[in-house]
Amino acid sequence: MPKLWNETIDAHRREVRDAILDSAAALAAENGPLSVTMSQIAGKAGIGRATLYKYFPDVEAILHAWHAREIAGHLAHLTEVRDRTDGARGRLESVLEAYALINQGSHSHHDTDLGAFLHKDSGSHLAHAHQHLHHMIQDLLSEAAQAGDVRDDIPPAELTRYCLSALAAARTLPSEAAARRLVTVTLAGVRPPQD
């Protein structure tokens, strides 16, 4: 088959898959994940049930695929923020702020049945994403410590745990402004001590 034909088919498959994931997540957020059926997802996505079953075996697989896609998108965003920012200090501040805003923006799904459902069996994709995030923040902290912007009397791995734990609190904050203030406080905790 010609390359253009293959690209068109692949694009169509991605569109159908995305429609399935978005439809399932919307239904689960509205009615709870345990009430969603394959028929509802097919109807909302505008496809037949037979087509839906070609992509996914059940609702749980769809919701986990949606969650994995969301996490991958968050990591891609953090990587993009890191790569477009100059200077060790700027990269660290920008990535921590972006991470806090992601947490603050996703607080609504963490406090629902959907959040509980997704996080009880989150599996290896969540562990892999957390490991990737941990390494990214640790590298940024190490780089900033070498530049003199972050304390070097505490290992970067410990500072990473501190930052990630502190910024997890953004899930409970009511606004982006509050999340940004939390980043300011977190950064104050990693700055070199004043003599």
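A residue counts as partly exposed when its relative accessible area falls between the 20% that limits buried residues and the 50% above which residues are exposed. By that yardstick R180, with a relative accessible area of 35%, is partly exposed. The model discussed here is a predicted one, and R180 turns up again below, among the charged pairs.

Starting with the overall picture, the protein has 10 helices and 0 strands. Read from one end of the sequence to the other, the pattern is simply α-α-α-α-α-α-α-α-α-α. The protein has 195 residues, and 37% of them count as buried. About 10800 Å² of the protein is exposed, with carbon and sulfur atoms supplying 53% of that area. As for how the chain meets itself, take the contacts with a separation of 6 or more: residues 24 or more positions apart account for 65% of them.

Helix 4 is a good place to look at a single element. It runs over residues 59-84, which makes 26 residues, and spans 38 Å from its first C-alpha to its last, close to the 38 Å expected at 1.5 Å a residue. At its start, a side-chain oxygen of D58 comes to within 3.4 Å of the backbone nitrogen of E60. Quite a few residues of helix 4 are buried, including V59, I62, W66, I71, L75, L78 and V81. A bit of background helps with a list like this: an α-helix has 3.6 residues a turn, so residues three or four places apart point the same way.

L78 brings in the largest nonpolar core. This core has 33 residues, and L78, L92, L96, L141 and V150 are the ones that touch the most other members. Helix 4, helix 5, helix 8 (123-146), helix 9 (156-168) and helix 10 (176-190) each put at least two residues into it. Another core, of 19 residues, lies apart from this one, and I20, A25, I41 and A45 are among its members. In soluble globular proteins, nonpolar side chains tend to be buried together. Zooming in on L96, and skipping residues up to four places away in sequence, its contacts are I137, C163, L167, V183 and L187.

L167 also shows up next to N103. This asparagine sits in helix 5, which covers residues 88-105. N103 has a relative accessible area of 4%, so it is buried. Once neighbours within four places in sequence are set aside, N103 is in contact with L167, A168, A170 and R171.

Helix 8 offers two residues with contrasting surroundings. A144 belongs to this helix, and A144 counts as buried because its relative accessible area is 0%. Beyond its neighbours within four places in sequence, A144 makes contact with A88, L92, D149 and V150. From A144 to P156 is 12 residues along the sequence and 10.0 Å through space, C-alpha to C-alpha. D139 is in helix 8 too, but D139 is exposed, at a relative accessible area of 52%. Its C-alpha lies 9.1 Å from that of T160, with the two positions 21 residues apart in sequence numbering.

Next come the charges. Side chains of opposite charge can pair when their charged atoms come close. How many salt bridges does a search of the whole structure find? The search turns up 12. One of them joins R191 to E93, with the closest N and O atoms 3.2 Å apart. That pair links distant parts of the chain, as R191 is in the segment after helix 10 and E93 is in helix 5, 98 residues apart. R191 is partly exposed at 28% relative accessible area, and E93 is partly exposed at 26%.

R180, met at the outset, forms a salt bridge with E97, and here the closest N and O atoms are 3.4 Å apart. This pair again connects distant parts of the chain: R180 is in helix 10 and E97 in helix 5, 83 residues apart. E97 has a relative accessibility of 31%, so it counts as partly exposed.

A further salt bridge pairs D153 with R151, where the closest N and O atoms are 2.8 Å apart. D153 is partly exposed, with 48% relative accessibility, whereas R151 is buried, with a relative accessible area of 18%. Elsewhere, D18, D22, R69 and E70 are joined into one network by salt bridges that share partners.

Terms used: Residues numbered from 1 in each chain as written. Predicted model: local features only at pLDDT ≥ 70, side-chain atom pairs only at ≥ 80, totals over all residues. Heavy atoms only, no water. Helix = DSSP H or I, 4+ residues; strand = E, 2+ residues; numbered from the N terminus. Buried < 20%, exposed > 50% of the residue type's maximum accessible area, 1.4 Å probe, protein only. Contact = heavy atoms within 4.5 Å. Expected span 1.5 Å × (residues − 1). Polar contact = N/O pair within 3.5 Å; in protein donor to acceptor, adjacent residues only side chain to side chain. Core = buried A, V, L, I, M, F, W, Y, C linked by side-chain atoms within 4.5 Å. Areas by Shrake-Rupley, 256 points an atom, 1.4 Å probe, with all protein chains shown as cover. Salt bridge = Lys/Arg side-chain N within 4 Å of Asp/Glu carboxyl O.
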